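Biologist: Could you take a close look at one part of this protein for me? I'd like to hear about the nonpolar patch on the surface, and then how that part sits in the rest of the chain.

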Amino acid sequence: MPIIAFIDDILASIGRSVLGLCSSVGRLVLFISATLSHIIRPPFYPLEIGAQIMRIGYFSLPVVGLTALFTGAALALQIYEGGSRFNAVSVVPSIVAIGMVRELGPVLGGLMVAARVSSSIAAELGTMRVTEQIDALTTLSTNPMKYLVVPRVLAATLTLPILVFIGDIIGIMGGFLVGTNRLGLNAAAYLQNTYQFLEFGDVFSGLVKAAVFGFIVSIMGCYHGYNSGRGAQGVGQATTNAVVSAAILIFASNYLLTEVFFAS
């Protein structure tokens, strides 16, 4: 009997976990569906969207730019070290460029924006939930989804591709500076190899990834903040969950999008 009771407890625990996961996924799907439906329906708040574009896009540019710069520089050093073992130093410019625009630019840009923006959105909306400001918007006949969620989602989805594009340029420039000043590569040959091997599909795939990552970052911050628990602990938990879930979904969606664009 004790063994049977122990097995029952294990199965019950697994069942509760599975049901909890299904419930969380269902709530998230409904939240995303409501957000998408509100995007295409009036009223619209252009001033709020513009303010969020500045907060999410423009003020994230320094951290994304610095991340891309040092990533491109480190990537050039690593590829040079590996390529020198096979007398393939000439591949440094092309691999730095392709690696930045396909993978490192979108993924690292998405992660940095997730750390900065997703946590900020969750904390802001969570605080508004705790202080009943969201309920006050409803009382004033203002839809909280349209006024709070939609501008943030639109701003992040539109601005992250721009941030990633700028970050790609800065990252390639970082590799160029290291390659020409530290590794002794010819500047003209470096630029020629970068231009020759970089294709439109590489850049386009990275920008599509960035748009998807921007949607993920904003929707995770809005979802966890909008459904935050009460009190300071609830807001803190919502902030943590927003960043962690955004990072996991970025990695998962990155693999799926890579399969879509580059699977043979």
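Modeller: Sure. The nonpolar patch on the surface is formed by Ile3, Ile7, Ile10, Leu11, Ile14 and Val18, which together have about 550 Å² of accessible area. To join such a patch, a residue needs over 30% relative accessible area and no salt bridge, and nonpolar side chains (Val, Leu, Ile, Met, Phe, Trp, Tyr) are linked within 5 Å. A salt bridge here is a side-chain nitrogen of Lys or Arg within 4 Å of a carboxyl oxygen of Asp or Glu. Areas come from the Shrake-Rupley method with a 1.4 Å probe, and for residues only the protein chains shown count as cover.

Keep in mind that this is a predicted model: local features need pLDDT of at least 70, side-chain atom pairs count only at pLDDT 80 or more, and totals for chains, interfaces and linings use all residues. Residues are numbered from 1 along each chain as its sequence is written, and side-chain values use heavy atoms, leaving out hydrogens and water.

Now take Ile10. Its relative accessible area is 37%, so Ile10 is partly exposed, a label for values between buried (under 20%) and exposed (over 50%). Ile10 belongs to helix 1, residues 2-39; helices are DSSP runs of H or I with at least four residues, strands are E runs of at least two, and numbering starts at the N terminus.

Zooming out, the chain has nine helices and zero strands. Of its 264 residues, 42% count as buried. The chain exposes about 13,900 Å², with carbon and sulfur atoms supplying 71% of that. Its C-alpha trace spans about 65 × 60 × 35 Å along the principal axes.

Notes: Patch = residues over 30% accessible without salt bridge, like charges linked within 9 Å, V, L, I, M, F, W, Y side chains within 5 Å. Buried < 20%, exposed > 50% of the residue type's maximum accessible area, 1.4 Å probe, protein only.
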